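Student: Please take a close look at the aromatic rings in this model and explain how they pair with one another.

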Amino acid sequence: MPTESWPVRSLGVRAPGVPDFFDSVEEALGPEEFWVRTLFSGLSAGAEASFVDGTHPYLTHGWHREHGVFVPGQPAAGYPVSRLGFMEVAEVVESRSHVVRQGEVLAMSYGHRTGQRSRRDYFSMPVPPDLDPVLGIYLAKLGPLCANALLHAAPAPAARLGDGVRDRRVLVTGAGMVGLLTALFAAHHGAAVVVADRDPTRLAAARGLGLPTVDETELPAWEYCKKAWRHGTVERGADLAFQCRGTGESLATAFRAVRPQGTVVDLATYHAGLTDVDLSHEFHHHGLVLRSVRAGRLPAGTGAVWDRSRLAEETLRLLRAHGRAVREHAITHVVPFAHGVEALSAVADRRVPTVQVVLEF
């Protein structure tokens, strides 16, 4: 007999600086719907922390849907924020769908919740039995975002994921999970990659993934690139930089690190605003290219070839090749969902050195 209703507990933010749990009840399944029980959910040290500290632009600005711009006035969102997160692995426990079977394990993107009512047209991807299920947190959104960054690195619409990075010299600024996956993608597809950070835990994770590193407490990343990579007798620096850290200082570093007419592909979000960036300096003098990457926005001209499903398949290929190292070196903490409030607080204020924190249900 179908379940009549589903109790749900979610992790969110009650007020600025106050993570908390929220309880609700969802209705019974409708036609072609299914219910999943969450197994794992990955915490994001960027987007979610901005809701904890109150710096997310949705909390300070309105959103003009027709024009697609942020505007002063009524904020687009406010407290309490009852749902956060976008990296989930779940098991189907009841299904009225003809294509989703009970018992399937799916990668999805719906937030830190004990369960979710869904439909087949909501993006999901089966987690294959040969993959450690905790790695499935990267299949639905974060992995495709990082793969999409490689598409943005190509000077023309790319038929293959590595077209923009193969045989190129690449700097990745920031060894958080976005930076590590992006660097791993680039190295997997034939780039010479170096990852720059100051945090010893994150640098150790990068090295554990087989990625060369620059410790920025000892040497500026741009200086490393200018010394290590020459092009002829005059030009120096990286061909390409993936900017994966949400500070103006890091973006300025990327501009300084690349060669004249090089490209910076920016995956960061600058919730606290931009400082330390002067576009009259290297950006202007070297004729640099800056491209911004966001989940769900493919480069112009690639929509006929690429979509979220194909990017997720590329992520699965990457994890099949490097998943054991990712599990060992990048997923630094797996904690029970019951301790989610403490975990989110620790990630937001960076009390504990982490790379990827995963909630286990």
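Tutor: In this predicted model, two rings of Phe, Tyr or Trp, the last taken by its six-membered ring, are called a pair if their centres lie within 6.5 Å. By that criterion the structure holds 7 aromatic pairs. One of them joins Tyr58 and Phe70, whose ring centres are 5.8 Å apart and whose planes make an angle of 50°, an arrangement that counts as tilted. Tyr58 belongs to the loop between helix H1 (47-53) and strand E4 (62-64), while Phe70 belongs to strand E5 (residues 69-71), so this contact ties together parts that are 12 residues apart in sequence. Phe70 also forms a pair with Trp63, here with 4.8 Å from centre to centre and 65° between the planes; because planes over 60 degrees apart count as edge-to-face, the pair of Trp63 and Phe70 is given that name.

As for exposure to the surroundings, Tyr58 has a relative accessible area of 34% and is partly exposed, Phe70 is partly exposed at 38%, and Trp63 is likewise partly exposed, with a relative accessibility of 36%.

Elsewhere in the chain, Phe21, Phe337 and Phe361 form one aromatic cluster. Two Trp rings should also be mentioned for the charged side chains placed over them: Arg256 lies over the face of Trp222, at 4.3 Å from the ring centre, and Arg310 lies over the face of Trp306, at 3.5 Å from the centre of that ring.

Notes: Residues are numbered from 1 along each chain as its sequence is written. This is a predicted model: local features need pLDDT of at least 70, side-chain atom pairs count only at pLDDT 80 or more; totals for chains, interfaces and linings use all residues. Side-chain values use heavy atoms; hydrogens and water are left out. Rings of Phe, Tyr and Trp (its six-membered ring) pair if their centres lie within 6.5 Å; planes under 30 degrees apart count as stacked, over 60 as edge-to-face and the rest as tilted. Helices (H or I, at least four residues) and strands (E, at least two) are DSSP runs, numbered from the N terminus. Buried means under 20% relative accessible area, exposed over 50%, partly exposed in between (1.4 Å probe, protein chains only). A charge sits over a ring if NZ of Lys or CZ of Arg is within 6 Å of the ring centre and within 35 degrees of the ring normal.
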